[in-house]
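Trainee: I am new to this structure and would like a close look at a single part of it. Please take one buried charged residue and describe what surrounds it.

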Amino acid sequence: MSKPITPYRDSEASKKEQVAKMFNNISGTYDFLNHFLSLGIDIIWRKMAIRELLEDKPRHILDVATGTGDFAFESIKILKPEKITGVDISEGMLAIANEKILKRNLQGIFEVSLGDSEKLLFDDSQFDAVTVAYGVRNFEDLEKGLSDMLRVLKPSGKVVILEFSKPKVFPVKQAYDFYFKYITPSIGKLFSKDASAYSYLPESVAAFPDGKEFSELMKKVGFQNTKRRPLTFGICSIYTGTK
Ligand SMILES: C[S@@+](CC[C@H](N)C(=O)[O-])C[C@H]1O[C@@H](n2cnc3c(N)ncnc32)[C@H](O)[C@@H]1O
């Protein structure tokens, strides 16, 4: 089996340990670089993904790999749920999420805790919806992560997954490859404490199953009604499925 793509090539630590360390290192500049590198389009992609849940009106949502909480904050604005629970393996990212929760006075609605998406500490069938933005690509065991998200969903509950994908059409593919390979790592190196994080980003996207392949994986673990929606020429994709 080929070696998984990890942030620190010379490290012997597991992918999960390396990913947690990397996000701890970059947590302070994560939000700024996200918006800067995507020219703010990441905000629009998040909104479009959350709107997939408008008709479902979920009351209790689990936001997996919640990071600094931006996907969950978008859910709160658009869906007005009773409660959102966020889990993440990076204490640094969660510390920023907690600062934002306090600043926005959302303590009663949004709670975050340290937790592994591949071993969720929740009973079966608890959540009306599960969301995850830019998280699944970082999982050590993708199938396990997807299966556990399915397990904690209520019957008929919906999962919404937002993740980078690979554009296929000329010249978007060429421009995207250039931007991701050269511009992203250089800007990342300049502003973030961890240069590896922004070389890991394009490498992990390149190695990650996207499009039909990802939908097939969702079906394999048991999701039904799987759908995929490419955004901005396929730079990103929204995947949905139900239990
Ligand atoms: C690119 S950030 C995305 C954060 C947030 N969802 C957003 O939209 O900005 C990926 C997050 O996934 C988390 N993560 C990676 N693997 C995880 C796992 N197995 N369990 C929980 N969180 C994980 C990382 O710590 C990181 O905070």
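Mentor: A definition comes first: a salt bridge is a side-chain nitrogen of Lys or Arg within 4 Å of a carboxyl oxygen of Asp or Glu. Buried, in turn, means under 20% relative accessible area. The model is predicted. The residue to look at is Asp88, which sits in strand 2 (residues 83-88). Asp88 is buried but takes part in no salt bridge. Arg46 is the nearest side chain of opposite charge, and it is 11 Å away.

What the side chain of Asp88 does reach is backbone. One of its polar atoms lies 3.4 Å from the backbone nitrogen of Thr66, and the backbone nitrogen of Gly67 is reached at 2.8 Å. Beyond its neighbours within four places in sequence, Asp88 is in contact with Ala65, Thr66, Gly67, Leu94, Ser113, Leu114 and Gly115.

Asp88 also faces the ligand. There are 20 residues around the ligand, and those that come nearest are Tyr30, Arg46, Ala65, Asp88 and Ser117. A side-chain N or O atom of Asp88 is 2.6 Å from an oxygen atom of the ligand. For Tyr30, the side chain has an N or O atom 2.8 Å from a ligand oxygen. The side chain of Asp116 has an N or O atom 2.9 Å from a nitrogen atom of the ligand. On its own the ligand has 600 Å² of accessible area, and the protein covers 98% of that. Asp116 also belongs to a network of salt bridges with Lys16 and Glu118.

Other acidic residues in the model do have salt-bridge partners, and the count comes to 20 salt bridges. One of them joins the side chains of Asp70 and Lys100 (2.7 Å, N to O). This pair links distant parts of the chain, with Asp70 in helix 3 (residues 70-79) and Lys100 in helix 4 (residues 91-103), 30 residues apart. Asp70 counts as buried because its relative accessible area is 14%, and Lys100 is likewise buried, at 10%.

Another case is Asp148, which forms a salt bridge with Arg151, the closest N and O atoms being 2.7 Å apart. Both residues lie in helix 5, three residues and about one turn of the helix apart. Asp148 is buried at 11% relative accessibility, whereas Arg151, at 23%, is partly exposed. To return to the starting point, Asp88 is buried with no salt bridge, while its side chain has an N or O atom 2.6 Å from a ligand oxygen.

Notes. Residues numbered from 1 in each chain as written. Predicted model: local features only at pLDDT ≥ 70, side-chain atom pairs only at ≥ 80, totals over all residues. Heavy atoms only, no water. Helix = DSSP H or I, 4+ residues; strand = E, 2+ residues; numbered from the N terminus. Buried < 20%, exposed > 50% of the residue type's maximum accessible area, 1.4 Å probe, protein only. Lys, Arg positive; Asp, Glu negative; His and termini not counted. Polar contact = N/O pair within 3.5 Å; in protein donor to acceptor, adjacent residues only side chain to side chain. Contact = heavy atoms within 4.5 Å. Near = heavy atom within 4 Å. Areas by Shrake-Rupley, 256 points an atom, 1.4 Å probe, with all protein chains shown as cover.
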